Amino acid sequence: MLRNAGRTALKVARAYALQGDRYYCPVCDRHFRSFLPGGTSRRRQVRCPNCDSLERHRLLWLALQNLLDTDSTGKKLLHVAPEPCLANRLKQQYDYLSVDMEAANAMQQMDICQIPLPDATFDAILCNHVLEHIPNDMQALKELFRVLKPKGWASIQVPISGEQTQEDLSITDPQIRATLYGQSDHVRQYGRDFQQRLKSTGFEVDIVSKADLVNSKTLQKLSLDSEDEVWICRK
Ligand SMILES: [Zn+2]
């Protein structure tokens with residue numbers, strides 16, 4: 001408890017010390033003279049010192065501004081493997097449920113390959129950087145589609161590299177997975193053909209590029225170098 005309080009105080013002090021006008025985090029709506037390094041290769045200007053957003057969270061938050069309901073009273077949102085910086089904002093606006101395979105990481109423990117809820121329960125779903133960990137990703141997609149209401153939207157982001165998805169589910173060695181798929185707990189490397197998996201589930205897919213969302217000067221302020229686009233699905 002005390003350690004948590006100390007960490008929070010340190011973070012508040014650091015965010016205060018880094019106040020400025022060079023960078024902007026749209027997730028927490030604050031300006032800084034610098035972001036913190038982040039990512040596995042400790043890239044520069046990556047992490048927001050206040051809310052810990054990374055590039056991909058900031059780009060997604062921008063894209064979501066066109067989707068979030070202005071009046072979301074009573075609207076239900078499902079957040080799978082919740083990113084804390086986005087969760088803090090979304091739970092203020094929606095009838096919000098977060099789930100994860102690990103009970104400690106969310107409001108409810110849930111395997112999204114078997115969602116114990118009726119069809120058409122949610123108005124919106126966020127399930128980002130999850131499917132690359134799930135062997136039967138098509139079953140998870142079917143379940144997400146089932147519990148989304150008609151005309152609902154879903155943010156289903158995965159790491160994408162190249163055109164073709166690389167997948168061999170017989171490979172279970174963590175080191176080989178890390179070499180082939182970029183991380184020891186990833187079961188595949190998606191390519192741009194991920195779109196076909198989404199479409200075959202029934203989703204319509206909109207690919208929104210960062211240039212569609214903001215001008216180049218604002219892009220610099222948001223520090224989005226590692227990200228190019230957001231995929232938004234609709235039912
Ligand atoms: Zn922030």
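**Figure 1. Contacts of Arg188 in the predicted model.** Leaving aside neighbours within four places in sequence, Arg188 is in contact with Leu131, Glu132, Ile134, Pro135, Asp137, Thr165, Gln166, Glu167, Leu169, Tyr181 and Arg197. The view is taken from a predicted model. Arg188 belongs to strand β11 and is buried, because its relative accessible area of 1% falls under the 20% limit. Two polar contacts of its side chain are shown. In one, a polar atom of the Arg188 side chain lies 2.9 Å from the backbone oxygen of Ile134. In the other, the side chains of Arg188 and Tyr190 make a polar contact at 2.9 Å. For the wider setting, the C-alpha atom of Arg188 is separated by 38 Å from that of Arg22, a residue 166 places away along the chain.

**Figure 2. Surroundings of His186 in the loop between α5 and β11.** The loop that holds His186 runs between α5 (174-181) and β11 (188-189). His186 counts as buried because its relative accessibility is 7%. Its side chain reaches the backbone oxygen of Tyr181 at 3.3 Å. When neighbours within four places in sequence are left aside, the residues in contact with His186 are Glu132, His133, Pro159, Arg177 and Tyr181. Glu132 and Tyr181 also appear in the contact list of Arg188.

**Figure 3. Asn128 in the loop between β8 and α4.** Asn128 is placed in the loop between β8 and α4 (137-147). With a relative accessible area of 4%, Asn128 is buried. A polar atom of the Asn128 side chain lies 3.3 Å from the backbone nitrogen of Gln157. Gln157 is also one of the residues that Asn128 touches, the others being Leu60, Val80, Glu83, Ser155 and Ile156, with residues up to four places away in sequence not counted.

**Figure 4. Packing of helix α3.** The buried residues of α3 are Cys85, Leu86, Ala87 and Leu90. These buried residues pack against the helix α2 and against the strands β5 (76-80), β6 (95-100) and β8 (122-127). Helix α3 (84-93) also gives two or more residues to the lining of the largest pocket, shown in Figure 5.

**Figure 5. Lining of the largest pocket.** The volume of the largest pocket is about 1500 Å³. Its lining comprises 47 residues, and those nearest the pocket centre are Leu54, Arg56, His57, His129 and Glu227. Two or more lining residues come from each of α2 (55-64), α3 (84-93) and β13 (229-234). The greatest contribution is that of α2, with 5 residues. Sorted by class, the lining has 19 nonpolar, 15 polar and 13 charged residues. Both domain 1 (1-53) and domain 2 (55-234) supply at least three residues to the lining.

**Figure 6. Lining of the second largest pocket.** The second largest pocket holds about 190 Å³ of space. Its lining is made up of Val80, Ala81, Asp100, Met101, Glu102, Asn105, Met110, Asp111, Ile112, Val130 and Ile134. By class, this lining has 7 nonpolar, 1 polar and 3 charged residues. Among the lining residues is Ala81, which lies in the loop between β5 and α3. Ala81 has a positive phi, near 50°, although it is a residue other than glycine. A relative accessible area of 25% makes Ala81 partly exposed.

**Figure 7. Domain arrangement and the loop residue Asp52.** The domain assignment divides the protein chain into domain 1 (1-53) and domain 2 (55-234). The C-alpha centres of the two domains lie 24 Å apart. Domain 1 gives 18 residues to the contact, and domain 2 gives 13 residues. Asp52 is found in the loop between β4 (43-47) and α2. Though not a glycine, Asp52 has a positive phi of about 70°. Its relative accessible area of 28% makes Asp52 partly exposed.

**Figure 8. Thr70 in the loop between α2 and β5.** Thr70 occupies the loop that runs between α2 and β5. Thr70 counts as exposed because its relative accessibility is 88%, over the 50% limit. The C-alpha atoms of Thr70 and Gln93 are separated by 8.9 Å, while the two residues are 23 residues apart along the chain.

Definitions and conventions. Residues numbered from 1 in each chain as written. Predicted model: local features only at pLDDT ≥ 70, side-chain atom pairs only at ≥ 80, totals over all residues. Heavy atoms only, no water. Helix = DSSP H or I, 4+ residues; strand = E, 2+ residues; numbered from the N terminus. Buried < 20%, exposed > 50% of the residue type's maximum accessible area, 1.4 Å probe, protein only. Polar contact = N/O pair within 3.5 Å; in protein donor to acceptor, adjacent residues only side chain to side chain. Contact = heavy atoms within 4.5 Å. 1 Å grid on protein atoms, 1.4 Å probe; cavity = no way out; pocket = protein on both sides within 12 Å on 5 of 7 lines; lining within 4 Å. Points joined across faces, edges and corners; volume = space filled by probe spheres on them. Nonpolar A, V, L, I, M, F, W, Y, C, P; charged D, E, K, R; others polar. Domains from an automatic or database assignment.
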